[in-house]
Amino acid sequence: MFQPDASEAMGARASASAFWSIPLGELTLSPWAGFTWLMMDESLRGFIGADKDVYTPYGARHDTQASLGARLRYRPFADALVTAGTSLRLSPAPSALDRIDATLDLDLLPGRGLWPWIQLGWLASYRPVNETRDEAFLRDAFTAGLTFWSWLARGHRASLGAEGTFLFDVPSLAETSPRVSGLIFLRYDYTARRGLRDFTPASTPFRDRQEEGSGRIERERPAVEPSWEEP
């Protein structure tokens, strides 16, 4: 990330993660782990207009982050998915506990045609006292989103969506709580007639429904395998 108006300041982020899905009857347990490294540009120390991806005092002192967690997924109906998760983050890793999170998400995709994908989420994040945080607090964030999409032709998809988040802290921190944010996005995907098979599982919870009209080509194994030894 670059910030041209701050003497060409530059920041960087690198992340790696892994997860494992374990079927448990109607439930799916997914333990996961991740590691993140941050590079903050110290030349912006004290600069009020510093972009948070280029420099923050907190990021400069917590440039390594290790996370461990697990998610439990349950599909009560074909068009509904409930996901609950918990995780902790060590930063700077592995010496200090930075936060403990709990999440609860509901994804709904009822109806047909242009009926939207509905997403509802809640995050509770406990932030303990550390060398840069004078007071522990609990951060709550409630998120709601809608995504509409349509396959324009085989392998071409357009999506339009909106998302809003309401965030507050307990005890309330005057400079950050409460806070409301929102975004509207327009996206185009070219899938080369492969449907959504190259997308992450998190972005395709209702893959069969999301691929309707995509023109995905299914290649089935032949009933009789050809023999290359016979003419």
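Me: Which residues does Asp101 touch, if those up to four places away in sequence are not counted?

Reply: In this predicted model, Asp101 touches Gly85, Thr86, Ser87, Leu123, Ala124, Ser125 and Tyr126. Asp101 itself is found in strand E8, residues 97-108.

Me: What makes the pair Asp101 and Ser125 a polar contact?

Reply: The side chains of Asp101 and Ser125 are joined at 2.5 Å. A polar contact requires N or O atoms within 3.5 Å, so the pair at 2.5 Å meets that distance limit.

Me: Why is Asp101 said to have no salt bridge?

Reply: The nearest side chain of opposite charge, that of Arg99, is 4.7 Å away. A salt bridge needs a nitrogen within 4 Å of a carboxyl oxygen, so a separation of 4.7 Å does not qualify. Asp101 is nevertheless buried.

Me: How do you know that Arg99 and Asp98 meet in a salt bridge?

Reply: Their side chains are 3.5 Å apart, N to O. That value lies within the limit of 4 Å, and therefore the pair counts. Arg99 and Asp98 are both buried. Arg99 and Asp98 also belong to a network of salt bridges that links them with Arg89 and Arg133.

Me: How many salt bridges are there by this rule?

Reply: The count comes to 12 salt bridges. One of them joins Arg187 and Asp189, whose closest N and O atoms are 3.4 Å apart.

Me: Why is Arg187 called partly exposed, and why is Asp189 called buried?

Reply: Arg187 has a relative accessible area of 36%. Buried means under 20% and exposed means over 50%, so a value of 36% places Arg187 in between, as partly exposed. Asp189 has a relative accessibility of 11%. As this is under 20%, Asp189 counts as buried.

Me: Why is Ser67 called buried?

Reply: The relative accessible area of Ser67 is 16%, which is under 20%, so the residue is classed as buried. Ser67 is found in strand E6, residues 64-77. Apart from residues up to four places away in sequence, Ser67 touches Trp32, Ala33, Gly34, Leu88 and Arg89.

Me: What makes Tyr126 eligible for the nonpolar surface patch?

Reply: Tyr126 is partly exposed, with a relative accessible area of 39%. Patch members need over 30%, so Tyr126 passes that cut-off. The patch covers about 560 Å² and is made by Tyr126 together with Leu68, Leu88, Leu97, Ile100, Leu138 and Val170. Tyr126 is found in strand E9, residues 117-127.

Me: Why is Arg112 called exposed?

Reply: Its relative accessible area is 61%, and because that is over 50%, Arg112 counts as exposed. The residue lies in the loop between E8 and E9. Leaving aside neighbours within four places in sequence, Arg112 is in contact with Arg209 and Glu212.

Me: How do you know that Arg112 and Glu212 form a polar contact, and that Glu212 and Arg209 form a salt bridge?

Reply: The side chains of Arg112 and Glu212 are joined at 3.1 Å, a value within the 3.5 Å limit for a polar contact. For Glu212 and Arg209, the closest N and O atoms are 3.8 Å apart, which is within the 4 Å limit for a salt bridge. Glu212 is partly exposed at 33%, whereas Arg209 is buried at 11%.

Me: Why does Asp198 count as exposed?

Reply: Its relative accessibility is 55%. This is over 50%, so Asp198 counts as exposed. Asp198 is in the loop between strand E12 (179-190) and helix H2 (207-210), and its side chain is joined to that of Arg194 by a polar contact of 2.8 Å.

Me: What is noteworthy about phi at Ala192 and Arg193?

Reply: Phi is positive at both, about 55 degrees at Ala192 and about 60 degrees at Arg193, although neither residue is a glycine. Most residues other than glycine have a negative phi. Ala192 lies in the loop between E12 and H2, where Arg193 is also found.

Me: Which kind of peptide bond, cis or trans, joins Ala93 and Pro94?

Reply: The bond is cis, with omega about 0 degrees. Another cis bond runs from Val170 to Pro171, with omega near -5 degrees. Most peptide bonds are trans.

Methods
Residues are numbered from 1 along each chain as its sequence is written. This is a predicted model: local features need pLDDT of at least 70, side-chain atom pairs count only at pLDDT 80 or more; totals for chains, interfaces and linings use all residues. Side-chain values use heavy atoms; hydrogens and water are left out. Helices (H or I, at least four residues) and strands (E, at least two) are DSSP runs, numbered from the N terminus. Buried means under 20% relative accessible area, exposed over 50%, partly exposed in between (1.4 Å probe, protein chains only). A polar contact is a pair of N or O atoms within 3.5 Å; within protein, one must be able to donate a hydrogen and the other to accept it, and residues adjacent in sequence count only if both atoms are side-chain atoms. Patches are made of residues with over 30% relative accessible area and no salt bridge: like charges are joined within 9 Å, nonpolar side chains (Val, Leu, Ile, Met, Phe, Trp, Tyr) within 5 Å. Accessible areas come from the Shrake-Rupley method with a 1.4 Å probe; for residues, only the protein chains shown count as cover. Lys and Arg count as positive and Asp and Glu as negative; His and the chain ends are not counted. Contact means heavy atoms within 4.5 Å.
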